[in-house]
Structures are given as C-alpha cells and as structure tokens.
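Let's take a walk through this model together. Keep the structure open beside the text, so that each stop can be found as we reach it.

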Amino acid sequence: MRRAWVASCALLCAALGLSACPGPAEVHEPRTTSSTPAPRAPRVLPEATRVELPDDVAPRAVRLELTLDPRKEIFRGRAEIDVEVRVATDTVVLHARGLTLEKVSIEAGGRTLEPQWGTRRAFGGREEPEELVLMLDQPLAVGPARLRFEYEAPFANLNGIYRTQAQGSWFAFTQMEPTDARRAFPSFDEPRHKTPIELTLEIPSGMTAFANAAEKSREVRGDHTQITFLPSEPIPTYLFALAVGDLEVMTGATKPTPIRFVAPRGRAKKGGPTLDATDKALRALEAYFARPHPYPKLDIASVPNFGPGAMENAGLITFREELVVLDERSPALLRRRMQLIMVHELAHQWFGNLVTMRWWDDLWLNEGFATWMAPKTCDDAFPGFGGKIERVLERAYAMNADVLPSARAVRPKVDQSDQIREAGGWSAYQKGSAILTMIESWIGEATMQKAIRGYVDASAGRSITSKALFSALDTAAAKPVSKVAASFLDQPGVPLVKVSLSCGAKPNDPAKARLEVSDVSGGGRSWVLPACLRVVGSASPACTLIEGTSATIELPTCAAVHPNFEEAGYYRYELDEAATQRLLASYRKLDERERAGFVLNAWALVLLGRAPPDSVMAALKLGADKAETSRVVLEAVITVLYELERTFATDDNAAKLAAFVRGLLGPHRERVAMPKAGEHDTVRIHRVALLAALYDLGADANVAKALEPIAAQYLASPPSADPDLGPLAVRVSSRAGGVGKAKLDAARLAAAATADERVALVAALASRGDAAALRATLDLFSKGAIQAGDWRHLRGAALRYRDGRAVFLGYIREGFDAMNARLGHAGALLSTIGASCDARELADFERTFRPRVGALEGGQRGLDEGVAEAARCISVRARGAPAFP
C-alpha cells in the first residue's frame with residue numbers, strides 16, 4: 001500500500017496498545033512499470049540520532065501548489081524544494097508528518113532520481129513519525145538539486161492547515177509554530193532555514209484566499225479558482241500562513257505599508273479599531289527601530305476558531321476573532337488586549353521574523369523581546385495606556401513559577417523533539433521580558449535602544465543565537481551585560497536580596513546598606529545581579545552590581561529604602577526589622593510599581609516559607625488603603641486575594657475571608673461605582689476587576705443584586721447593555737441563580753451574534769456552582785458545541801471557584817482522551833492540576849497521568865508545573881491559614 005508509514009504505525013500501535021512504535025520503519029519503493037528495473041532491496045531506515053536535521057542538505061526556495069476545499073477532510077499538495085547539497089550524500093532527511101506521499105523524486109545533475117523513502121520518529125518524539133528520509137543508490141553530488149513531492153493530507157486540529165466552520169461556512173487557516181508546517185508539506189521545518197515560499201492555491205470558486213505575500217494572479221476555472229501569490233520574503237516554515245474561505249476585506253492605511261483587515265463575510269466592518277491600532281503601533285515600532293516594517297504588506301486576519309491569542313506570520317498575522325472584531329460597543333478589556341497583543345505580534349516582525357532564532361533554545365529572543373516591547377510601545381502609541389507599570393504583575397507571575405522544582409531555564413536544553421513544544425511558557429515570555437526590563441533599567445533606555453538597533457541592523461535576514469544580542473549590548477553599554485543575562489537566562493531560579501541598614505549616630509549621617517544574595521529556593525545558584533535601591537527622599541536610586549554573595553552601598557542618610565527601584569530587578573527581597581519599619585512609615589512615598597511590588601513580595605515570602613501567612617495581611621491592608629487610587633496596586637491586592645482564597649479557603653473560614661475581602665475592596669467600589677461617559681478604558685477595566693473580586697471572593701450579595709438587571713439586559717440584547725459590565729453580570733447571575741441560570745443554555749450560546757458575546761456566555765456557563773450543570777457545560781466542549789479555541793475561557797471560569805475546581809479536575813481525569821482529541825494540547829489539560837490545593841486530588845491526578853505522560857506530546861512540562869504548583873499550595877496550607885479579622 002502506498003501510504004505514509006505514519007498511518008500504518010498508528011494502526012499497529014493502537015492494535016497492540018503501545019504508546020510508541022519501536023524498530024525500523026517501512027521503506028517505500030518508487031513505482032515501477034514494465035519498462036523499469038525490478039525493485040531494489042529495501043534499505044534499512046536509520047534511526048534519528050539528533051533532533052536537528054543533518055547539515056549536508058539545505059533548502060533555498062520552496063514552491064507549493066495546494067488544492068484546498070475546506071468543506072472536505074483532505075487536501076492535496078505538490079511541493080518543490082530547491083536545495084543546496086553541501087556534502088555529497090545518498091540520504092536526504094527533512095520533515096513530514098501525517099502526509100500520504102504518492103510520488104517522490106529528486107532532480108540533480110540533469111537526471112531525475114526516484115529514491116526509496118520512509119518516515120521515522122524524530123529524536124525524542126513522543127507520538128507520530130515526523131522525519132522523512134530519502135535514500136539513493138548513489139550519493140548526490142555537491143551543488144543544486146530539486147526535491148519533488150506529490151501527496152495528500154488531512155486537515156489538522158488547530159495546527160498545520162486546519163479547517164473550521166463558522167456561521168454555516170467552512171474556512172481553512174494555519175498555525176505552524178512551532179513544528180506543524182511538516183503537517184502541511186514536506187519541509188526543512190527548522191527556524192534556521194529561511195527561504196522564499198511561492199504558493200499557488202486551487203480553491204472553490206466563491207471563496208477567496210490570502211497568504212504571506214501579495215496575490216500575483218487569479219484565474220477562474222469553472223467551479224474552482226487558481227490563485228498564485230508572489231514569492232514571500234525568506235521566512236522560516238513556522239511563519240508560513242494562508243487563509244481560505246468566504247472572506248472579505250476592510251482596507252486601512254496604505255502607506256508606508258498597506259494594511260488590511262481580513263474576516264469572514266459580514267465581520268470586516270468591525271475592523272476599524274483594529275486597523276487604527278495596527279497603524280499607530282506600526283509607526284511607533286518603526287520609529288523605535290529606525291527602520292521600516294520588513295514586509296511589503298500587512299494583513300490582519302480574524303480567525304473564528306484559533307488556539308493561541310495571535311500568530312506573527314510575516315504579511316498575514318492571525319488573531320482570535322474576539323480580539324479584533326471590535327467596535328465602540330466592545331468590552332474595554334478586549335480592546336486593551338487587542339492593542340497589547342497587536343504590538344506583541346508586530347514587534348515580532350523585527351524580533352523573530354526579520355531576525356530569527358537559529359534554534360528553539362533561543363525562543364526567548366522572539367517571545368521575551370515581543371513581550372517586553374508590547375507595554376513600552378503601547379504607552380507610546382495609545383495615550384494613557386499604562387503598560388509599563390503593569391510589568392510588576394507579569395514579573396510576579398514568572399518569579400512565583402521560577403522557584404518551583406519544575407522551573408525551567410529561559411534558554412532551556414532542546415535536544416529532543418518533544419522539548420520544542422515546551423520551550424515557551426512563562427520562562428520565555430514573562431521571565432525573558434523581565435530580564436530585558438532589568439537590563440534596560442541598569443544600562444539606560446537610550447543605550448538599550450542603540451544596542452537593539454545595531455543588533456537588528458547587523459542580523460537582519462539571518463537566523464542567529466543570543467550571542468549576537470549580548471555582543472551588541474556589551475558594546476553599547478560598556479558593561480558586562482552578557483554575564484548578567486547568562487546568569488538569569490541559562491538557569492531557573494530567583495535571587496533573594498536581604499537588606500540591612502547601618503546608620504550613623506544622627507539621622508542625617510551617612511549610612512550603609514548591606515545586600516546579601518542567596519538562592520531563594522535553596523538550590524545554591526548564583527547570579528550577576530544589578531541591584532538598585534529606592535532611597536526615599538533622594539532623586540536617584542543607589543545601585544551596585546553584585547557578582548558574589550554580598551555588596552555594600554553607601555547612602556547619603558539613614559533614610560527608608562525600598563530594595564527594588566521601580567520593581568525593575570528580577571529578585572525577591574527581605575529587610576531587617578529596622579529597615580522594615582522605616583519602609584512601612586514611608587510606604588505612601590513609594591512609586592506605584594513599588595507599592596504593588598511590596599504587596600506581591602509579601603505574598604511571595606509566604607509561598608517560600610520565609611514568612612508566616614499572617615504577615616501578608618498587613619501588606620494587603622496597606623495596598624488596599626482607602627487613599628490608594630492606583631489600579632496597579634489594587635490589582636496586586638486582588639491577585640493576592642485570589643491566591644489566599646485558593647490556598648486557605650474552607651467551609652469553616654469562607655465567611656470570614658469573604659468579610660475581609662469586602663472590608664478591603666468595598667470602599668474602592670464606591671469610587672468607581674457606575675460607568676461614566678468618556679471614561680478611559682483603564683477605569684472601565686478596573687471597575688470590572690473590583691466588582692468581580694467582590695463577588696467571587698467577597699460573596700457580595702449587593703454586587704450580584706446590582707448586576708442582575710444588567711445580566712437580563714445582556715441576555716435579551718447584548719448591544720443594549722453596558723459592554724464591560726454585561727459579560728460580568730451574566731457570569732455572576734449564572735452562578736447566583738438569577739436570569740443567567742434560568743435563560744442561559746446551549747441554544748442561547750449557539751445564538752451568540754458576536755465573538756465577544758460567545759466567550760462571555762462560555763464563561764458564564766462554566767461558572768455555575770452546581771456540579772451537574774458544570775459537567776454538562778464540559779460535555780458541550782467534548783462534543784464540539786463549545787469550540788476548541790474557547791478552551792481558555794472555559795478553563796478560567798471553571799477554575800475560579802472552589803466547587804468548580806473539583807468538578808473540572810475530575811472531568812479531565814475521566815474524559816481526558818476526548819478533550820485532548822479536541823484540544824490537541826495535552827500540556828494545557830495536565831497543567832490544570834495546578835489549581836488544586838488538595839492532597840488527595842493531587843494524588844489521584846498523578847496516579848492517572850504519570851504513567852501516560854511519556855506518550856503525550858507536549859505534556860511533560862504542563863504536568864510537572866501543575867503538580868509542583870499544587871504541591872506548594874498544599875504545603876503552604878499545612879502551615880495554617882492567616883487570621884481573617
């Protein structure tokens with residue numbers, strides 16, 4: 001049978017009950033006819049011995065002809081890959097996954113060769129074979145050659161080329177990162193290989209298509225249309241993209257880069273805010289880099305069913321539709337997320353697309369940089385955005401994860417195929433960004449910008465390693481930036497800086513601050529650490545570079561100090577008793593980032609076992625003081641309150657905890673009680689956060705009562721309700737037993753007219769406290785009534801409440817296979833155990849999945865991190881809950 005070995009392997013494994021197929025793969029012979037020689041003796045397919053492809057053959061150009069009809073389950077393809085044979089070889093190795101190859105040939109030296117071929121498991125791969133091996137009787141000579149393939153393949157599930165249905169119409173979209181281009185066509189599917197890709201599509205007439213490059217020609221051929229696109233700029237395969245279906249366009253700015261919004265028919269009219277944000281963000285980024293957008297066009301595509309938030313494909317950036325199909329009636333939170341994610345994806349056009357990591361161990365060069373650039377650029381492009389001050393919240397999330405035994409380095413070891421899918425996460429994104437923030441604070445914004453411009457200019461069009469960046473930073477700053485960066489990027493962990501003050505006899509006498517550095521998790525790690533203190537009353541910070549375990553800073557007077565100036569440093573801190581009292585007395589004089597950081601640091605010390613649970617209560621009271629108006633400080637308070645509830649709440653103390661929350665946050669509700677015309681989006685978002693916390697944590701019946709009529713209005717006619725309070729109101733009502741419970745069901749969800757309405761209703765359905773109702777909602781997901789792309793909204797709502805966590809985790813244990821088949825991301829399912837704080841629940845989860853995780857692609861990191869998070873929560877709970885007044 002002329003099928004890819006993957007199919008026969010999968011069937012055999014299923015029959016034998018194996019999670020992996022050992023032994024040699026099937027080797028395929030080229031077709032023979034009566035005029036061709038008899039088949040050769042099959043060669044033994046060698047096993048992969050390294051995760052990267054061999055260096056002896058490299059791609060130079062790709063031409064693809066794809067016949068796509070999203071209404072069908074299979075698509076067909078013809079691929080030509082021009083390659084350079086660098087070393088004479090009789091074996092060519094590239095990638096292919098799930099493709100049924102029908103014809104394979106190689107043109108070289110004026111001859112057409114038909115190799116034997118087979119597929120094999122990639123080195124360290126856990127599921128299907130991913131490598132395609134072409135074997136010749138004689139070596140290919142050094143020089144140019146061309147690989148040709150004809151094949152068919154199934155549409156995949158939210159990755160590769162996949163299909164989805166929306167409003168009765170079928171569409172095809174792509175998601176190739178990290179390693180799913182191999183599901184779409186035979187390819188050298190590694191970021192170091194950047195080639196132009198020339199695409200021709202044959203699609204049903206009545207549909208249209210978009211790709212990385214501009215359309216070159218279009219020809220209608222009866223019931224099919226052939227569209228040919230110009231060759232793309234050289235890109236790695238993970239940036240290949242297309243969109244096919246009944247799509248329409250709204251045109252935005254035409255200079256200097258033409259921008260278009262692409263969406264399913266009827267929805268492009270809501271692309272105005274997205275086009276405006278794209279134009280503003282692009283101009284701000286071009287000014288920062290002092291060079292234009294690297295690609296000839298920029299299409300922003302709204303995707304009805306999409307796994308990630310967005311994907312930075314060169315020339316065709318894809319987004320979850322609720323983030324980009326917007327108007328003035330859309331929730332402020334979605335507008336803000338659109339702006340932030342838009343800048344993140346646009347920053348990738350320089351960090352990642354123009355300058356690309358050579359290998360996945362440097363994924364942080366893409367994601368850490370884009371995460372770092374997003375708030376900075378948003379503050380420039382959108383007045384009042386306040387992105388940089390929110391970095392303290394993102395950094396806290398990373399540091400709390402970075403002290404767990406499951407923590408991974410920002411630049412991890414990626415020498416097995418399955419590790420590629422686990423190279424991202426908080427370490428590449430949030431920690432990578434936090435390290436860049438620390439470096440920028442240390443060397444100065446102007447120096448940082450100069451170094452980055454030089455780095456991008458020198459590396460444009462190339463695939464590089466971190467060394468290129470560090471070289472630019474060392475030169476521009478004339479400081480050992482590479483030593484600092486390496487100590488944080490190449491190992492997990494968080495430094496702890498303990499500060500003690502030595503004062504003179506008089507208050508105005510000079511003083512000394514002694515800083516002692518240790519590994520907060522006790523692992524014996526060391527860092528090269530730039531540390532800066534806020535000296536209250538002084539205009540500038542007091543800084544030093546700690547290269548050992550301690551340092552001393554001279555202070556002008558014995559003033560109060562905050563150990564982390566503007567919360568830019570990636571470290572936790574402790575103060576001796578005298579320094580603590582001085583800081584508490586001067587708390588209101590701190591920068592708002594430092595006040596937020598103080599609250600978050602107090603909770604972190606509890607998690608680390610360095611402070612008793614009661615100690616965080618004083619910090620919360622300071623942070624939630626009636627005089628506090630900073631939304632970032634109050635967000636820090638709310639963040640810790642949610643953690644307190646998860647860690648310590650029981651049936652016995654829930655009422656006291658709720659009263660404590662109401663006492664802290666109630667006065668702030670009065671300040672932002674009702675929406676006002678002309679309010680900034682940040683105010684609207686802050687109001688929702690306060691009300692949500694008061695209900696979720698404070699069991700505030702007055703909040704539920706005030707929101708009930710808004711819920712009724714939202715369910716009857718969403719456009720007539722307040723766009724920000726409406727989604728919250730229907731969620732609260734659904735849980736509180738109001739109209740949201742009475743009138744919200746699967747039929748009402750299916751009738752949602754917009755993406756933002758749909759995700760609001762998913763969250764409301766998943767918020768119900770009744771176990772049977774929540775299980776029914778989870779059944780909707782497993783059976784396809786809730787689309788896979790809305791998993792994040794389902795998960796977030798279900799895990800928000802104690803009763804929901806138990807039901808959700810039990811459902812995953814029982815229905816994992818069905819859920820994983822829909823989601824295609826085992827790690828996202830397995831990580832949910834991190835929401836638990838129950839020893840029996842954790843033991844049951846581990847007993848179920850530890851034996852299986854070795855066969856689940858991308859599942860190891862999710863399980864390890866979830867288990868570690870749950871184990872920490874259980875340990876903290878065992879030390880006893882704080883006394884809630």
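What follows is a tour of the sheets, cores, a few single residues and some backbone details in this predicted model.

## A three-stranded sheet

We begin with an open sheet of three strands, ordered 3-7-6 and paired in the antiparallel sense. Its edges are strand 3 (89-95) and strand 6 (116-120); each has a single partner strand, so one side of each has no neighbour in the sheet. On average, neighbouring strands here are turned by 25° against each other, direction ignored.

Strand 6 meets strand 7 (residues 131-140) through five antiparallel bridges. If you would like one pair to look up, Arg120 has Glu131 in strand 7 as its bridge partner.

## A hairpin and a cis proline

Strand 9 (residues 160-166) and strand 10 run antiparallel and are joined by seven bridges. Thr164 is paired with Phe171 of strand 10 in one of these bridges. Two residues separate the strands of this hairpin, and Gln167 in the turn has a positive phi of about 55°. Strand 10 (residues 169-175) has five of its seven residues buried, so the rest of the structure largely encloses this strand.

Further along comes the loop between strand 10 and strand 11 (197-204), which holds Pro178. The peptide bond that joins Glu177 and Pro178 is cis, with omega at about 5°.

## A covered strand and its surroundings

Strand 18 (residues 298-303) is mostly covered, with six of its six residues buried. Leu298, Ile300 and Ser302 point one way from the strand, while Asp299, Ala301 and Val303 point the other way, and all are buried. Strand 17 (residues 259-264) runs parallel to strand 18, and four bridges join the two. Among the paired residues, Ile259 has Leu298 in strand 18 as its bridge partner.

Two backbone details sit in loops of this region. Pro256, in the loop between strand 16 (247-251) and strand 17, follows a cis peptide bond from Lys255 with omega near -5°. Ala290, in the loop between helix 2 (272-289) and strand 18, has a positive phi of about 55° although it is not a glycine. Ala290 counts as exposed because its relative accessibility is 54%, with the cut-off for exposed set at over 50%.

## A mixed sheet

The next open sheet has four strands in the order 27-24-23-29, and its pairing is mixed. Strand 27 (550-555) and strand 29 (572-575) are the edge strands, each with a single partner, so each has one side without a neighbour in the sheet. The average turn between neighbouring strands of this sheet is 25°, direction ignored.

Strand 24 (residues 511-519) and strand 27 run antiparallel, joined by six bridges. Here Glu516 is opposite Ser550 in strand 27.

## Two buried residues and an exposed alanine

Is Gln491 buried or exposed? Its relative accessibility is 19%, so Gln491 counts as buried, given that buried means under 20%. Gln491 belongs to the loop between helix 11 (481-489) and strand 23 (495-502). Its side chain reaches the backbone oxygen of Ser487 at 2.8 Å. Beyond its neighbours within four places in sequence, Gln491 contacts Ala409, Lys431, Arg525, Ser526 and Trp527. By contrast, Ala478 counts as exposed at 69% relative accessibility. Ala478 lies in the loop between helix 10 (466-477) and helix 11, and its phi is near 55°, a positive value in a residue other than glycine.

Ile341 is part of helix 4 (residues 332-347) and is buried, with a relative accessible area of 18%. Not counting residues up to four places away in sequence, Ile341 touches Ala310, Phe319 and Leu323.

## Nonpolar cores and a helix end

Which residues touch the most other members of the largest nonpolar core? They are Trp364, Leu620, Leu641, Leu665 and Trp791, in a core of 209 residues. Setting aside residues up to four places away in sequence, Trp791 touches Phe781, Phe808, Ile812, Met819, Leu823, Ala828, Leu829 and Thr832. A second, separate core has 84 residues, including Leu132, Phe210, Ala301 and Trp360.

Our last stop is helix 28 (residues 860-878), whose 19 residues reach 27 Å from first C-alpha to last, close to the 27 Å expected at 1.5 Å a residue. Just after helix 28, Gly880 takes a positive phi of about 105°.

Note on methods:
Residues are numbered from 1 along each chain as its sequence is written. This is a predicted model: local features need pLDDT of at least 70, side-chain atom pairs count only at pLDDT 80 or more; totals for chains, interfaces and linings use all residues. Side-chain values use heavy atoms; hydrogens and water are left out. Buried means under 20% relative accessible area, exposed over 50%, partly exposed in between (1.4 Å probe, protein chains only). A polar contact is a pair of N or O atoms within 3.5 Å; within protein, one must be able to donate a hydrogen and the other to accept it, and residues adjacent in sequence count only if both atoms are side-chain atoms. Contact means heavy atoms within 4.5 Å. A nonpolar core is a set of buried Ala, Val, Leu, Ile, Met, Phe, Trp, Tyr and Cys residues joined through side-chain atoms within 4.5 Å. The expected span of a helix is 1.5 Å times one less than its number of residues. Two strands pair if DSSP finds at least two bridges between them. Axes are lines fitted to C-alpha atoms, for helices over the stretch in contact, and angles run from 0 to 180 degrees between N-to-C directions.
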